[in-house]
Amino acid sequence: MSFLRPSALNNFFITSATVLKWMPCQSWGFLRWPGLDGLLRLLVLVLLWSTFSELRFIPSSSMYPTLRVGDRIIIEKASYYLKVPAINDIVTFRAPKQLGITGEDVFIKRVVAKAGDLVQVHHGSLYVNGIAQTEDFLVERPAYTSNLTYVPEGHIYVLGDNRNNSYDSHVWGPLPIKNVIGRFVTCCYRPSNK
């Protein structure tokens, strides 16, 4: 009676079922609630994220074309605990106290000079220590001139990429490093132009 013998199709299902048993997707345990240790891991992750990074919104065109109005960016806050900002870093900082600006306002600009440098803008170029800087990221050359400025110890000199439309160190002078919050890491969302 050959009809009582197991068929080849039946053998396939039996052998494949034992093989599938070892695949991780067969166990739906990964969908369970994580429990206390999972919640603690999530809490630690959220605390680390909020301590060492933050999301920011770009409200003005002072850093155009590098950053556009409406961009959402990620700021990393940990590295400046260990080192000082470097030339060409894009940093966020609390604005220096000026007329019409509170200490709570946060700006984003590019570092163009560090402590000990002499900075001047004239003839449409930025000069650091008497050497004209090559800046391919500018929208247009600066239309203003600034006096020769010495950057003291514990300060940096910051300018926006859109030099003619930026409220920065050429207006209020060198920025204290203690005002720096973090550095620009990446643009995580750029709204489409309509």
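**A walk through the fold**

Let's start with an open sheet of 4 strands, where the order is S7-S6-S5-S8 and the pairing is antiparallel. A word on terms: strands (E, at least two residues) and helices (H or I, at least four residues) are DSSP runs numbered from the N terminus, and two strands pair if DSSP finds at least two bridges between them. This is a predicted model, in which local features need pLDDT of at least 70 and side-chain atom pairs count only at pLDDT 80 or more, while totals for chains, interfaces and linings use all residues. Residues are numbered from 1 along each chain as its sequence is written, and side-chain values use heavy atoms, with hydrogens and water left out.

At the edges of this sheet sit strand S7 (131-132) and strand S8 (149-150), each pairing on one side only. Between S5 (residues 118-122) and S8 there are 2 bridges, and these two strands run antiparallel. Here Leu118 has Tyr150 as its bridge partner in S8, and Val119 stands opposite Thr149. With strand S6 (residues 125-128), S5 pairs over 4 bridges, again in the antiparallel sense; Gln120 has Tyr127 as its bridge partner there. S5 and S6 make a hairpin with 2 residues between them, and His123 in the turn has a positive phi of about 55°.

S5 is also a good place to look at side chains. In a regular strand the side chains alternate between the two faces of the sheet. That is what you see along S5: Val119 and Val121 point to one face and are buried, whereas Leu118, Gln120 and His122 point to the other and are not. Buried means under 20% relative accessible area, exposed means over 50%, and partly exposed is in between (1.4 Å probe, protein chains only).

Now zoom out. The protein chain has 3 helices and 11 strands, and along the sequence they follow the pattern α-α-β-β-β-β-β-β-β-β-β-α-β-β. Of its 194 residues, 35% count as buried. Contacts (heavy atoms within 4.5 Å) often reach far along the chain: among those with a separation of 6 or more, 58% are between residues 24 or more positions apart.

The other sheet to trace is an open one of 7 strands, in the order S1-S2-S11-S3-S4-S9-S10, with antiparallel pairing. Its edge strands are S1 and strand S10 (175-176), each of which pairs on one side only. S10 is joined to S9 by 2 bridges in the antiparallel sense, with His155 opposite Pro176.

What about the interior? A nonpolar core is a set of buried Ala, Val, Leu, Ile, Met, Phe, Trp, Tyr and Cys residues joined through side-chain atoms within 4.5 Å. The largest one has 12 residues: Tyr80, Val91, Phe93, Ala95, Ile101, Phe107, Val111, Ile156, Val158, Trp172, Leu175 and Val180. Strand S3 (90-94), strand S4 (106-113) and strand S9 (155-159) each supply at least two residues of this core. Apart from it lies another core, of 10 residues, including Val119, Val121, Leu126 and Val128. Back in the largest core, Ile156 touches, among others, Val111, Leu175 and Val180, leaving out residues up to four places away in sequence.

Finally, the annotated spot. UniProt, in an unreviewed entry, places the feature "active site" at Ser62 and Lys109; its positions are given in the numbering used here, feature names are shortened, and annotations may be inferred rather than shown by experiment. The two span 48 residues in sequence, yet no two of their C-alpha atoms are more than 7.9 Å apart, so they gather at one spot. Both Ser62 and Lys109 are in the lining of the largest pocket. On a 1 Å grid over the protein atoms alone, a pocket is an open set of points where a 1.4 Å probe fits, with protein on both sides within 12 Å along at least five of seven lines; lining residues have an atom within 4 Å of a point.

Ser62 is in the loop between strand S1 (53-57) and strand S2 (72-76), whereas Lys109 is in strand S4. Are they buried or exposed? Ser62 is buried, at a relative accessible area of 6%, and Lys109 counts as buried at 3%. Their side chains make a polar contact with each other (2.9 Å). Such a contact is a pair of N or O atoms within 3.5 Å; within protein, one must be able to donate a hydrogen and the other to accept it, and residues adjacent in sequence count only if both atoms are side-chain atoms. Beyond its neighbours within four places in sequence, Ser62 is also in contact with residues including Gly160, Asp161 and Ser166; with the same neighbours left out, Lys109 touches, among others, Asp89, Tyr167 and Asp168.
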